[in-house]
Amino acid sequence: MRKLAAVSVLVCILLSLNSCSWKRMTYLQDLETLTTYDVTEAPDVKIRKNDRIRIHVGCTNPVLAAPFNLADGASNVDITTGTVSTAGISLAPDAKGVEYLVDKNGEILFPVLGSIPAEGLTIDQLKDEIASRIVEKRYITDPIVTAEFTNFQITMLGEVSSKGNYVVKEGKVSIFQAIAMAGDLTTAARYDDVWVIRTEGKERQVYNMDLLSKSCFDSPGFWLQQDDIVYVKPRKSKMDANAQLGWQIGTTAVSVLSAIGSIAYWISIVAGK
């Protein structure tokens with residue numbers, strides 16, 4: 001019985017070492033429950049050259065809004081008189097809007113309204129600008145403008161379950177949301193040194209993210225921007241697929257042995273009385 005007791009103690013030690021290994025792969029280890037933390041709001045995403053934006057104009061009278069949703073220009077509208085001809089109008093599929101490219105001058109060419117500066121504006125500011133121009137020209141008194149990025153994407157590389165490019169229509173995504181989109185980090189990932197690589201104009205910046213600490217919330221890399229690259233480094237002792245499988249089997253075996261050892265230990269205690 002004493003041997004069984006000794007074995008159970010040894011197994012418990014092994015299990016504690018295993019739990020330490022799992023602790024190294026736990027997010028935000030210094031967060032405390034029932035504690036309030038300040039929240040950093042997502043920064044406004046600015047429209048840039050070569051961005052693609054889908055825009056749709058609606059109102060209570062769909063006929064009046066139709067010229068602003070042309071997929072092939074505004075040839076059916078008499079801008080001087082405001083006369084609308086519905087014959088031959090080519091609307092965007094499913095009336096979801098038309099995709100516009102922000103050109104090298106930072107503008108989009110919009111039906112009826114012509115060129116509209118877009119670079120440097122947020123999506124909300126662009127919607128307001130289009131709506132105000134429509135009202136100012138007295139085409140529609142109650143325009144409803146919707147817009148979204150169609151090329152806002154991030155790239156996930158390194159030790160994530162699913163590498164690749166991910167499109168974010170909302171134009172707002174955090175580092176944790178991006179990791180979730182990529183299927184979480186692998187068991188070989190370094191949680192304390194994740195890189196967010198950002199290009200702005202002719203400059204490139206790298207932000208080091210420690211996902212083990214709540215300090216990552218305050219990093220400029222926490223809220224991702226267009227074309228950000230998230231690179232998750234591997235640990236130095238990165239395991240191959242067979243080693244990872246063996247490690248997983250080993251941890252399961254340790255858990256089972258621990259349970260058996262605990263039972264044996266208590267049996268020995270009872271038997272010794």
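The exercises below work through a predicted model of one protein chain, each with a solution in steps.

**Exercise 1. Overall make-up**

Task: State how many helices and strands the protein chain has, and what share of its residues count as buried.

Solution: Begin with the secondary structure, where the protein chain shows 5 helices and 14 strands. Next turn to burial, for which 37% of the 273 residues count as buried. Finally consider how contacts are spread along the sequence: among those between residues at least 6 apart, 64% join residues at least 24 apart.

**Exercise 2. The nonpolar core**

Task: Find which residues have the most contacts inside the largest nonpolar core, and which element gives the most to this core.

Solution: The largest nonpolar core holds 53 residues, and within it Ile55 and Phe110 have the most contacts. To this core H3 gives the most, with 5 residues. Then examine Phe110 itself, leaving aside residues up to four places away in sequence: Phe110 touches Ile55, Val57, Phe68, Tyr100, Ile116 and Ile130. As background to this step, nonpolar side chains tend to be buried together in soluble globular proteins.

**Exercise 3. Ile175**

Task: Decide whether Ile175 is buried or exposed, and list the residues that Ile175 touches beyond four places away in sequence.

Solution: First locate the residue, which is found in helix H4, spanning residues 175-181. Its relative accessible area is 0%, and because buried means under 20%, Ile175 is buried. Once residues up to four places away in sequence are set aside, Ile175 touches Val196, Met209, Leu211, Gly221, Phe222, Leu224 and Val230. A separate distance can be added for Val194, which is 19 residues from Ile175 in sequence and 9.7 Å from Ile175 in space, C-alpha to C-alpha.

**Exercise 4. Ser213**

Task: Place Ser213 in the chain, classify its burial, and identify the polar contacts of its side chain with Asp30 and Ser215.

Solution: Ser213 lies in the loop between strand E12 (203-209) and strand E13 (223-224). Its relative accessibility is 13%, so Ser213 counts as buried. Now look at the side chain, which makes a polar contact of 3.0 Å with the side chain of Asp30, while a polar contact of 3.1 Å joins the side chains of Ser213 and Ser215. With residues up to four places away in sequence left out, Ser213 touches Leu28 and Asp30.

**Exercise 5. Pockets and the cavity**

Task: Describe the volume and lining of the largest pocket, the second largest pocket and the largest cavity.

Solution: Start with the largest pocket, which contains about 260 Å³ of space. Its lining consists of 15 residues, with Val45, Ile123, Asp124, Glu170 and Gly171 nearest the centre, and helix H3 (123-136) and strand E7 (144-149) each supply at least two of the lining residues. By class, this lining has 6 nonpolar, 2 polar and 7 charged residues.

Continue with the second largest pocket, whose volume is about 200 Å³. Among the residues that line the second largest pocket are Leu31, Tyr37, Lys214, Phe222 and Trp223, and by class its lining has 6 nonpolar, 1 polar and 3 charged residues.

Finish with the enclosed space: a search of the whole structure finds 1 cavity of 30 Å³ or more, and the largest cavity holds about 40 Å³. Residues lining this cavity include Val45, Gly171, Lys172, Trp223 and Leu224, and the lining has 6 nonpolar, 2 polar and 1 charged residues. Comparing the lists, Val45 and Gly171 belong to the linings of both the largest pocket and the largest cavity, whereas Trp223 lines the second largest pocket and the largest cavity.

Definitions and conventions: Residues are numbered from 1 along each chain as its sequence is written. This is a predicted model: local features need pLDDT of at least 70, side-chain atom pairs count only at pLDDT 80 or more; totals for chains, interfaces and linings use all residues. Side-chain values use heavy atoms; hydrogens and water are left out. On a 1 Å grid over the protein atoms alone, a cavity is a set of points where a 1.4 Å probe fits but cannot get out, and a pocket is an open set with protein on both sides within 12 Å along at least five of seven lines; lining residues have an atom within 4 Å of a point. Grid points are joined across faces, edges and corners, and a volume is the space filled by probe spheres set on the points. Helices (H or I, at least four residues) and strands (E, at least two) are DSSP runs, numbered from the N terminus. Ala, Val, Leu, Ile, Met, Phe, Trp, Tyr, Cys and Pro count as nonpolar, Asp, Glu, Lys and Arg as charged, and the others, Gly among them, as polar. A nonpolar core is a set of buried Ala, Val, Leu, Ile, Met, Phe, Trp, Tyr and Cys residues joined through side-chain atoms within 4.5 Å. Buried means under 20% relative accessible area, exposed over 50%, partly exposed in between (1.4 Å probe, protein chains only). Contact means heavy atoms within 4.5 Å. A polar contact is a pair of N or O atoms within 3.5 Å; within protein, one must be able to donate a hydrogen and the other to accept it, and residues adjacent in sequence count only if both atoms are side-chain atoms.
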